[in-house]
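Here are a few exercises to try with the model open beside you. Have a go at each one before reading its solution.

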Amino acid sequence: MSLMVAVPALAQVKPGDVITPDNAYKVKDLVAPGVYYKVEQGMSMKIVPSDRVDWPPPYKDATEKYSAQVRLSPDGRTVENYVAGQPFPFLDPNDPKVATEIIWNNVFRPLQTDDYDLRYFACENVRTGRNEPYRVLDEIDVGHYAGYNEIGRTEVDPMPIDQDFKKTGRYWLFGLYPIMAPEGMRGAGFLRYRYADPKKSDDIWSWNTGSRRLRRLDEGIMSDAVTGSGTPSEGGGNIVVFDPDHYSGFNAKVEEYNYRFLGSKSMLGVVHAVHSPEVTCGTDGGGSACPENWETRQMYIVEATPRRHTNNSQALQSRTVLYIDSEVWFPLYEDAYDQQGQLWQNHIYWLTYRDRPVPDARVAIYPFKRSFVVGAAATDTQTGMAAMCYLPSRNTPEKECWYINMGAVDRSFFDPEAMVRAAP
């Protein structure tokens, strides 16, 4: 479903064009400021014809069955009566609540409705820049990047709601463990639970192999960068990487932000990537994936501002601008601004659309095409430091990697004791 509030593009490109720093001006009005920074710093784009991305049929069916009963709460912040599918398929750009509805559509997106397990992914920290030599400063390898949804399930029993939701009120469970490299953090991990109650903060645990200690973490540090080990740290890290609120796009608790709809615009994004694993860009120090296929996409632009005086006083960003694809319902990129209002962080996600995550898959094969995230980059535009993540890793022993809505993980995987047992 689209909101046709298109903002005309001032520059035009056509299929077959190759965008480099030398002709970056052609895409300045077709990408976010942070993406334009990436192109100026050496990331190239191959412009290709646009192609459609369809929802998985079970998600379509659930949308038709349940969406009519969904409402926002009286305060306009919390979704009510949601069961499965897209909560708000019909959007009115003149509705003052449309930005919040877009964000809830992003939460209950068609990408991964039931469960997912990405086995073996890697992130490389580099100094990015035009023709910067490729030198890995720090590398993080992780065994599992996994999630389990208790509500909105469309493909794997229990459907559409896990009965545990009625007892715990958990929307979803997330786990990132065990860290496999660097050696000093081998076995570390991170768990996070999200709750339907708008006033209940996330439950978060980390396991540190050095201290052999399971710790409860404050939700406030989820907008902070993670350490070089890949796990959140109140003390910060030696190199900027993804903060947990930007795992899988915008991942913060919805009720802790205010939202403003900035319009709908034809922009460039990657939803039909040709590489999996992704390729290292050779012209920007390895800070992105290039060359890759970019196409014109209709995107919703939403500004998210922390509710500092209510329940989000610790957020580091003054605001984040999300560029959400209107078919995939995933932010193809995001720009975050510091407390002085200056561009600070850019996140780019490279997606593909296939019936399998990798061409030679034998198990993870679906009866329909679905979207997979195959690459992600986080860049500090003020320092030039970047983390380029490969999903799957280029050196993984597990060749299938993405298992989406296949029952690959259940709730037991997300128990803190299970994370501890997985550590060497």
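A cavity is a set of points on a 1 Å grid over the protein atoms alone where a 1.4 Å probe fits but cannot get out. Volume here is the space filled by probe spheres set on the points, with grid points joined across faces, edges and corners. The model is predicted, so local features need pLDDT of at least 70 and side-chain atom pairs pLDDT 80 or more, while totals for chains, interfaces and linings use all residues. Numbering starts from 1 along each chain, and side-chain values use heavy atoms, without hydrogens or water.

**Exercise 1.** Find the cavities and describe the lining of the largest one.

*Solution.* Start with the whole structure: a search finds four cavities of 30 Å³ or more. Next, take the largest, with a volume of about 450 Å³. Its lining (residues with an atom within 4 Å of a point) numbers 29 residues, and Val107, Arg109, Asn149, Trp172 and Asn251 are the closest to the centre. Finally, sort the lining by class: 17 nonpolar, eight polar and four charged residues.

**Exercise 2.** Work out the setting of Ser67.

*Solution.* First, place it: Ser67 sits in the loop between helix H2 (57–66) and strand E3 (71–72), helices being DSSP runs of H or I with at least four residues and strands E runs of at least two. Then check exposure: at 12% relative accessible area, Ser67 is buried (under 20%, with a 1.4 Å probe and protein chains only). Last, list partners beyond four places in sequence: Ser67 is in contact (heavy atoms within 4.5 Å) with Ala62, Gln86, Pro87 and Pro89.

Conventions: Buried means under 20% relative accessible area, exposed over 50%, partly exposed in between (1.4 Å probe, protein chains only). On a 1 Å grid over the protein atoms alone, a cavity is a set of points where a 1.4 Å probe fits but cannot get out, and a pocket is an open set with protein on both sides within 12 Å along at least five of seven lines; lining residues have an atom within 4 Å of a point. Ala, Val, Leu, Ile, Met, Phe, Trp, Tyr, Cys and Pro count as nonpolar, Asp, Glu, Lys and Arg as charged, and the others, Gly among them, as polar.
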